[in-house]
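Here are my comments on the model you sent, set out as numbered points. Please read them with the coordinates open beside the text.

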Amino acid sequence: MSNPSSFTKSLSLGQNWKSKSMRIIPEELVRSNGEAFEHRVVFNVRWNNSWQLWLQKERHGLFMVEEDWDEFVDDNLLGADDILLFTHQDTMYFEVRIFKKDGKEITSVPLEVEPETQPFHQETTPASASASVGTSSRARKGFAHVKNPKRYLLNPRNPYFQKKLTKSNTVLYMTTWVIEEYELEFSPPNTHIYFLLPDGEKLNGYTKNYGGSHGFLGWAAVCERYNLKTGDTVVCELELSGRLVSAVRVHFVNA
């Protein structure tokens with residue numbers, strides 16, 4: 001590999017995109033970047049969507065967590081002849097470019113997929129967020145019935161995004177696109193906020209910042225209270241004080 005900051009992934013005979021071998025971070029890249037992505041990586045694609053993938057160190061290398069990698073694969077409809085080019089940009093951040101068999105690069109949302117971080121202002125788009133109708137049953141469970149997330153909002157002017165539940169739901173993370181689109185601001189870490197629930201109740205939450213990624217602790221209590229499962233989808237509506245996020249209003253889609 002001439003450039004230790006870049007690497008490619010493509011399928012060999014007997015592999016599929018969810019094979020464990022596809023989840024490994026190249027050893028050379030790990031050695032050359034120290035602890036830059038010891039705990040997690042963030043993938044950014046051409047159409048401004050991003051994915052956060054947690055890492056786990058095993059005897060034979062550093063691997064992306066299965067649930068997170070599978071979500072990335074499903075969201076991008078990766079096919080048998082696709083080639084991924086990963087370029088390490090800054091700390092744990094990677095630019096990911098997706099090329100098809102004919103060498104053509106995918107530069108917009110894959111067919112029938114709209115990423116979680118899209119603004120959803122284009123209400124004529126029939127696809128649901130972050131997954132394909134017609135890929136895996138796991139993807140369909142979470143998104144098949146979400147045609148217009150904006151209709152769930154109490155105030156249509158509020159920022160919002162969809163959240164598909166995974167196995168790890170301790171923190172509700174904010175996506176970079178939503179923060180930038182609405183120019184959101186956040187209180188210092190461990191500042192109190194509320195999760196506002198459909199039954200009129202509210203649960204305590206706290207701001208958190210993990211290496212520049214904003215999120216809210218207390219999300220696990222929301223999931224437990226309503227018995228939310230992997231693949232379920234919620235619409236998160238942000239209540240603001242100026243540009244400062246003060247509460248997260250949770251709307252259940254398929255709970």
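1. Ser-6 counts as buried, because its relative accessibility is 14% and the cut-off for that class is under 20%. The residue belongs to strand β1, which covers residues 6–10, and its side chain makes a polar contact of 3.4 Å with the side chain of Thr-87. As the model is predicted, this distance should be read as a computed value.

2. On confidence, the protein chain has a mean pLDDT of 80, with 81% of its residues at 70 or more. Among the elements, strand β11 (residues 192–196) has the highest mean pLDDT, 96, whereas helix α3 (residues 137–143) has the lowest, 32. Throughout residues 112–145 the pLDDT is below 50, and in the model this stretch has 96 contacts beyond near neighbours in sequence. I would ask that any description of those contacts state the pLDDT of the stretch alongside them.

3. As to the overall make-up, the protein chain contains 5 helices and 15 strands, and 48% of its 255 residues count as buried. Of the contacts with a separation of 6 or more, 56% are made by residues 24 or more positions apart. The accessible surface of the protein chain amounts to about 12600 Å², and carbon and sulfur atoms contribute 47% of that area.

4. Strand β5 (residues 61–64) pairs with strand β2 (residues 24–25) in the antiparallel sense through 2 bridges, and in this pairing Ile-25 has Leu-62 as its bridge partner. Strand β4 (residues 50–58) also runs antiparallel to β5, joined to it by 4 bridges, with Gln-56 partnered by Phe-63. The connection from β4 to β5 is a hairpin through 2 residues.

5. Which strands pair with β15 (residues 244–252) in the parallel and in the antiparallel sense? The parallel pairing is with β11, over 3 bridges, while strand β14 (residues 233–241) pairs with β15 in the antiparallel sense over 8 bridges. Arg-249 of β15 takes part in both pairings, being the bridge partner of Leu-196 and also of Glu-237. Between β14 and β15 there is a hairpin with 2 residues in between, and Gly-242 in that turn has a positive phi of about 70 degrees.

6. The structure holds 11 aromatic pairs. One of them joins Phe-43 and Phe-72 in an edge-to-face arrangement, with 5.3 Å from centre to centre and 70 degrees between the planes. Phe-43 is in strand β3 (residues 40–44) and Phe-72 in helix α2 (residues 66–75), so the pair ties together parts of the chain that are 29 residues apart in sequence. Both partners count as buried, since Phe-43 has a relative accessibility of 1% and Phe-72 one of 0%.

7. The Phe-43 and Phe-72 rings also belong to one aromatic cluster, whose other members are Phe-7, Trp-51, Trp-69, Phe-86 and Phe-94. In a figure of this cluster, I would suggest labelling β3 and α2, which carry Phe-43 and Phe-72 respectively.

Terms used:
Residues numbered from 1 in each chain as written. Heavy atoms only, no water. pLDDT = per-residue confidence, 0-100. Contact = heavy atoms within 4.5 Å. Buried < 20%, exposed > 50% of the residue type's maximum accessible area, 1.4 Å probe, protein only. Areas by Shrake-Rupley, 256 points an atom, 1.4 Å probe, with all protein chains shown as cover. Polar contact = N/O pair within 3.5 Å; in protein donor to acceptor, adjacent residues only side chain to side chain. Pairing = 2+ DSSP bridges. Phe/Tyr/Trp six-rings, centres within 6.5 Å; stacked < 30°, edge-to-face > 60°.
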